[in-house]
Protein chains: 2
Amino acid sequence: MRYYEDIEIGETQEFGEYHVTKEEIVEFAEQYDPQPFHVDESAAADSAFGELVASGWHTAAICMRLLVTGPMQDRASMGARGVDELRWKRPVTPGDTLSIRTEVLDKRVSESDPRRGYVDERLEGRTGDGDVVLSWIGLGMIARRNAESADS
Amino acid sequence: MRYYEDIEIGETQEFGEYHVTKEEIVEFAEQYDPQPFHVDESAAADSAFGELVASGWHTAAICMRLLVTGPMQDRASMGARGVDELRWKRPVTPGDTLSIRTEVLDKRVSESDPRRGYVDERLEGRTGDGDVVLSWIGLGMIARRNAESADS
């Protein structure tokens with residue numbers, strides 16, 4: 001398990017291969033983002049996008065899956081306070097395969113709770129061609145190693 | 001249909017009533033955010049949360065549904081560039097009923113494409129008790145009225 005002390009500013013990771021299907025794009029959007037260009041192929045063809053595109057929130061959720069099953073897998077995560085500068089840079093379309101790249105930008109111990117550390121991490125979602133589809137700066141919280149020893 | 005010209009800085013809207021179930025929390029998280037406190041009730045009981053909580057991305061997706069089916073319903077939306085200052089302020093738990101409040105903070109015409117306008121809008125997701133669970137500043141794009149007349 002990696003604790004706050006084990007995270008280094010500047011460390012990068014690349015992870016994953018998530019294949020995005022038309023069926024999943026439509027299913028997500030029907031529930032959470034039912035705009036015509038996300039749920040209806042012919043309406044999408046007539047839209048500014050010209051084809052069916054994934055909801056930006058769907059793209060974000062896919063990147064979160066890649067983060068949780070990849071870089072976060074061995075971290076003592078305590079959740080996240082939020083995300084800054086979430087940007088959708090290119091629409092995701094059926095057949096895209098997404099991966100992520102993460103880079104730790106900054107870290108510091110919480111002033112209000114010394115058992116936790118804050119880690120700011122840039123995430124990029126990318127297609128197989130290397131196009132960046134999404135980026136964000138995650139404001140994560142990670143347990144300190146000695147906090148756990150103090151408990152046990 | 002409301003175009004860029006019809007949106008006023010300072011205008012607010014409140015909308016929606018979305019009931020969040022345990023089944024939906026687990027289903028979303030199994031697909032997109034499989035951390036123990038989102039997918040497993042007994043693991044969640046032992047976590048810092050003390051109970052099953054929705055993925056923050058699930059909470060965001062629910063707020064997007066409320067935005068699309070409410071305030072955005074009659075807008076000539078052209079999508080969004082991104083979101084700033086996304087914050088998860090309180091976990092969402094089974095049985096919560098969510099609504100949203102929106103407030104237009106700023107608007108301006110795109111310099112690169114005068115057919116579109118930029119609208120910055122603060123969104124808050126709230127429980128029935130009025131607790132704010134999430135907030136973000138959406139960076140939306142809305143068609144200008146005369147852009148459409150020019151096309152037809």
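Here is a short chat about how two chains of a predicted model meet.

The model is predicted, so local features need pLDDT of at least 70 and side-chain atom pairs pLDDT 80 or more, while totals for chains, interfaces and linings use all residues. Residues are numbered from 1 along each chain as its sequence is written, and chains are lettered from A and ligands numbered from 1 in the order in which they are written.

Me: Why is α4(A) called roughly antiparallel to α4(B)?
Reply: The axes of these helices, residues 56-69 in chain A and in chain B, come within 10 Å and cross at roughly 175 degrees. Angles over 145 degrees count as roughly antiparallel (under 35 roughly parallel, 65 to 115 roughly perpendicular, the rest oblique), so α4(A) is roughly antiparallel to α4(B).

Me: Which residues of α4(A) and α4(B) make the contact?
Reply: Trp57(A), Ala60(A), Ala61(A) and Met64(A) face Trp57(B), Ala60(B), Ala61(B) and Met64(B), where contact asks for C-beta atoms, placed from the backbone, within 7 Å. By class, that gives eight nonpolar, no polar and no charged residues.

Me: How do you know that the two copies are related as by a two-fold rotation axis?
Reply: A rotation of 180 degrees with 0.0 Å of shift along its axis superposes chain A on chain B, at RMSD 0.0 Å; the fit is by least squares on C-alpha atoms of residues with pLDDT of at least 70 in both. The copies are thus related as by a two-fold rotation axis. In chain A, the C-alpha nearest the axis belongs to Asp84(A), 2.7 Å from it.

Me: What makes Asn146(A) partly exposed?
Reply: Asn146(A) has 13 other C-beta atoms within 10 Å; 20 or more would make a residue buried, 12 or fewer exposed, and in between is partly exposed, so Asn146(A) is partly exposed.

How values were computed
Axes fitted to C-alpha atoms, helices over the stretch in contact; angles between N-to-C directions. Helix = DSSP H or I, 4+ residues; strand = E, 2+ residues; numbered from the N terminus. Contact = placed C-beta atoms within 7 Å. Nonpolar A, V, L, I, M, F, W, Y, C, P; charged D, E, K, R; others polar.
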